[in-house]
Amino acid sequence: MTDITMPRLSDTMEEGVLAQWHKQVGDEVHKGDTLADIETDKTTMELEAYDEGTLERLLVEEGDTVPVGAPVAVIGDGSGIGSEDSEEAEESEETEEPEETGESEEAGESEEAEGDQPAAEETPSREEASGDADAERTEKTPTAADDREQPLFRSPLARKLARDNDIDLAAVTGTGPGGRIVRADVQEAIETGAARRRPAEPEPSAIEGTAPTAGLPEPAKAGEDDDEVRINANQRITGQRLTQMTGVPTFELSATVEVDELLALRGQLNDQLAEDGIRLSVTDLLVRASAVALSDHPEVNSAWGGDKVIRRGHVNIGLAIALEAGLIVPVIRDADRKSVGQIAREARDLADRARDGTLETHEYQGGTFSISNLGMYGIDAFTAIINPPEAAILAVGTAVQQPVRRGGELVDRTIMTLTLTVDHRVLNGAVAATFLQKLRAILESPLRIVV
């Protein structure tokens, strides 16, 4: 038998989510066959078989988060399919604790203690119910009795998901092997609003000191309208990485830039590149301008290395892209050596594949400087969070018409606000200000962008 394990698909990957199985127990497997889709922190990749045989066991369910190196499936000669299923069922009964429903363990212990007291102190119905429950726990067989007294076997992920969303597993029907409750069962209960625990609340009269008013709808319960949305692997890893910036000394510098000449240049270039199907965006010009400025100020193109500062040998600029699944920052490599047209083509391709979830690992790693542009949303200015271990990130606001005094007269100019967030461990204020000054000069006299 061969254990198929969760592969390490990137240098920073510590765990992956098994998004979908493409093979099922009993299927023939050949080397190179796609067994499953693995969702990493940034993209979805295929898990390929590196051995041949019959798929005998699936050790994790779709949606489970699995550490790198942990087994997810077993490939053998097919003889272990039935026996392995039996072993799994026995292991499940031994390791999975019955879900506590209705009465807590403390309550059960209390009932046992009360059993030693005179019968007058305990009602016969409770003794009978306790006896029935004990019998069911011993036999571990379903009966027509109340489901809340049956042992429930569920995956650790299903148990955690139910606990986080206040779902009563006793009211959930399991669709897994042997009626086991799996993640999909709990997710369906969350989406439909079924099986949610609702603690008993006192009557309004007990709260307000007045009698309930007949005919009026019952007051809304606190939290009934709340909707909890589970984060995916991308959002979780993004949160973990950005949390690394907690406590890091940073500062922000802002500068306004007149971009009339930049926009005029963009129009001219788009006219010339139209035959090639290329259309430049302001962000494309910002990438190129930032790359030129970083070449002149390599100290900004650096990273924090713990006990050292790392000067990067390449200018790799990341572009923050918002997805439904969270934020991703694909990287345009060697942007200082590429034309604006090349940058535009590459940026479109990266953005499209980021939205499709088909980026390769190397395409969103290795950035040395990042740009986040919210100008298209009408945001005047904002502060972006540094993408560690980079030393700085540029936040770009919208371009707006403003009156500017020139030669004693007011004239309209198109103004854009740039905000540079800087890791103070790597750069001081004067160095960062010199870089931002250089970037503004390039944007206001943009011919250097195309040279």
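Does Tyr 377 count as buried or exposed, and at what relative accessibility? Keep in mind that we're looking at a predicted model here. Tyr 377 comes out at 59% relative accessibility, and the cut-off for exposed is over 50%, so this residue counts as exposed. As for where to find Tyr 377, look in the loop that links strand S16 (369-373) with strand S17 (392-406). Tyr 377 has company on the surface, too: together with Met 376 and Ile 379 it makes up a nonpolar patch, and the three share about 340 Å² of accessible area.

Follow the chain out of that loop and you get to S17, which runs antiparallel to S18, with 13 bridges joining the pair. One spot to check is Ile 393, which sits opposite Thr 421 in S18. The two strands form a hairpin with two residues between them, and in that hairpin Gly 407 adopts a positive phi near 60°.

S18 (residues 409-423) has another partner as well: strand S9 (residues 250-258) pairs with it, again in the antiparallel sense, over nine bridges. Within this pairing, Leu 253 faces Leu 420 of S18.

Now for a helix. H9 covers residues 282-296, and its 15 residues should span 21 Å at 1.5 Å a residue; the end C-alpha atoms are 21 Å apart, so the expected span and the model agree. What about its surroundings? A residue is buried when its relative accessible area is under 20%, and 13 of the 15 residues in H9 are buried, so the rest of the structure largely encloses this helix.

Methods. Residues are numbered from 1 along each chain as its sequence is written. This is a predicted model: local features need pLDDT of at least 70, side-chain atom pairs count only at pLDDT 80 or more; totals for chains, interfaces and linings use all residues. Side-chain values use heavy atoms; hydrogens and water are left out. Patches are made of residues with over 30% relative accessible area and no salt bridge: like charges are joined within 9 Å, nonpolar side chains (Val, Leu, Ile, Met, Phe, Trp, Tyr) within 5 Å. Accessible areas come from the Shrake-Rupley method with a 1.4 Å probe; for residues, only the protein chains shown count as cover. A salt bridge is a side-chain nitrogen of Lys or Arg within 4 Å of a carboxyl oxygen of Asp or Glu. Helices (H or I, at least four residues) and strands (E, at least two) are DSSP runs, numbered from the N terminus. Buried means under 20% relative accessible area, exposed over 50%, partly exposed in between (1.4 Å probe, protein chains only). The expected span of a helix is 1.5 Å times one less than its number of residues. Two strands pair if DSSP finds at least two bridges between them.
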